[in-house]
Amino acid sequence: MTAAAVRQIAFGLEPPAPRRTRKDFVVSSTNEHALATLDRWRASAEPLLAIAGPAASGKSHLLRILADEAGPDVGILDDAHVLADPRALLSLVEEAREKGERLALAGRGDPAGWAQGLRDLQSRLTAATRIDLAEPDDALLQAVIQKLLKDRQLRAGPELAVYARARLPRTCAAAAAFVAALDAASIAEGAPIGLKLARTVIANLSEEPRPA
């Protein structure tokens, strides 16, 4: 089998589903408020929760925790920022309110922007309980890399996450891209997960080392 064929197979494989239980949520000073706010909202009577943050920052993970622990008592909608018609989102919010149900939304950017200028929806989103997730600090980025490796059942020493943390952009999306590329390269090249492969993957991602 040619290398190209091996790469085709490797890139066609589905990775294991990420672990998204409460105990798998990686906490640092940049996001420690998130679980506390989630729990306060669940214990309150507030009808609407908006979880905002950049790509791969933990929004879907928080929704999964809520879905697992609250069950059908709370409606869940991810990627609220990509809905083409804000009127559909307003209808969902209003329907939940009329039925006395509760709704948790997640998406990128400012929740008010999900309204796309629809003022009734904007006012609802502005009034919602809000969780804002930020890009990680170094400690969280390293922990996220280690979690993503574990999610994919990739064995690597802590030095790999330390090495990658210092060279990747400080974003959860960059960490996810790195670990996915590392997994694919290991399969395609038959190479072990380690610093040598990590160096190659980071170079191929065309990312410059972050200034010290």
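1. Is R64 buried, partly exposed or exposed? Let's start there. This is a predicted model, and in it R64 has a relative accessibility of 42%. Buried means under 20% and exposed means over 50%, with partly exposed in between, so R64 counts as partly exposed. You'll find R64 in helix 3, which covers residues 59-70. Have a look at R19 too: R64 and R19 are 45 residues apart along the chain, and their C-alpha atoms are separated by 9.8 Å.

2. Now zoom out for the overall layout. The chain has 9 helices and 4 strands. Going along the sequence, you meet them in the pattern α-α-β-α-β-α-β-α-β-α-α-α-α. Of the 212 residues, 37% count as buried. The accessible surface comes to about 11,400 Å², and carbon and sulfur atoms make up 52% of that surface. Contacts are worth a glance as well: among those with a separation of 6 or more, 75% are between residues 24 or more positions apart.

3. Next, the sheet. In what order do the strands of the open sheet sit? The 4 strands are arranged 2-3-1-4, and the pairing is parallel. Strand 2 (74-77) and strand 4 (129-132) are at the edges with a single partner strand each, so each has one side without a neighbour in the sheet. From one strand to the next, the twist averages 15 degrees.

4. Strand 1 deserves its own point. Its partnership with strand 3 is parallel, with 5 bridges joining residues 48-52 to residues 102-107. Within that pairing, L48 sits opposite L103, while A52 has G107 as its bridge partner. Strand 1 also pairs with strand 4, again in the parallel sense, over 4 bridges. There, A50 is opposite R130.

5. How many of the 5 residues of strand 1 are buried? The count is 5 of the 5, so strand 1 is largely enclosed by the rest of the structure. In a regular strand, side chains alternate between the two faces of the sheet. Here both faces of strand 1 are covered. On one side you have L48, A50 and A52, and on the other L49 and I51, all of them buried.

6. Helix 4 is a good one to rotate on screen. Spanning residues 86-98, helix 4 lies across strand 1, strand 2 and strand 3. Relative to strand 3, helix 4 runs at about 155 degrees.

7. Helix 4 also takes part in a salt bridge worth finding. E94 pairs with R124, and the closest N and O atoms are 2.7 Å apart. Since E94 lies in helix 4 and R124 in helix 5 (residues 119-127), the pair ties together parts that are 30 residues apart in sequence. E94 counts as buried at 16% relative accessibility, whereas R124, at 24%, counts as partly exposed.

8. There are 13 salt bridges in the structure, so here are some others. D85 forms one with R87, with 3.0 Å between the closest N and O atoms. D85 counts as partly exposed because its relative accessibility is 31%; R87 counts as exposed because its value is 57%.

9. Then go to helix 6 (residues 138-151) for a pair inside one helix. K147 and D151 both lie there, 4 residues apart, which is about one turn of the helix. Their side chains meet in a salt bridge, at 2.6 Å from N to O. Both of these residues are buried. Elsewhere, R22, D39, R42 and E69 are joined into one network by salt bridges that share partners.

10. Last, a residue I'd ask you to check: K59, which is found in helix 3. What is the nearest side chain of opposite charge to K59? That would be D79, 6.2 Å away. K59 is buried yet has no salt bridge; the cut-off for one is within 4 Å between a side-chain nitrogen and a carboxyl oxygen. Setting aside residues up to four places away in sequence, K59 touches I51, A52, G53, P54, A106, G107, R108 and L133. You have already met some of those names: I51 and A52 are among the buried residues of strand 1, and G107 is the bridge partner of A52 in strand 3.

Note on methods:
Residues are numbered from 1 along each chain as its sequence is written. This is a predicted model: local features need pLDDT of at least 70, side-chain atom pairs count only at pLDDT 80 or more; totals for chains, interfaces and linings use all residues. Side-chain values use heavy atoms; hydrogens and water are left out. Helices (H or I, at least four residues) and strands (E, at least two) are DSSP runs, numbered from the N terminus. Buried means under 20% relative accessible area, exposed over 50%, partly exposed in between (1.4 Å probe, protein chains only). Contact means heavy atoms within 4.5 Å. Accessible areas come from the Shrake-Rupley method with a 1.4 Å probe; for residues, only the protein chains shown count as cover. Lys and Arg count as positive and Asp and Glu as negative; His and the chain ends are not counted. Two strands pair if DSSP finds at least two bridges between them. Axes are lines fitted to C-alpha atoms, for helices over the stretch in contact, and angles run from 0 to 180 degrees between N-to-C directions.
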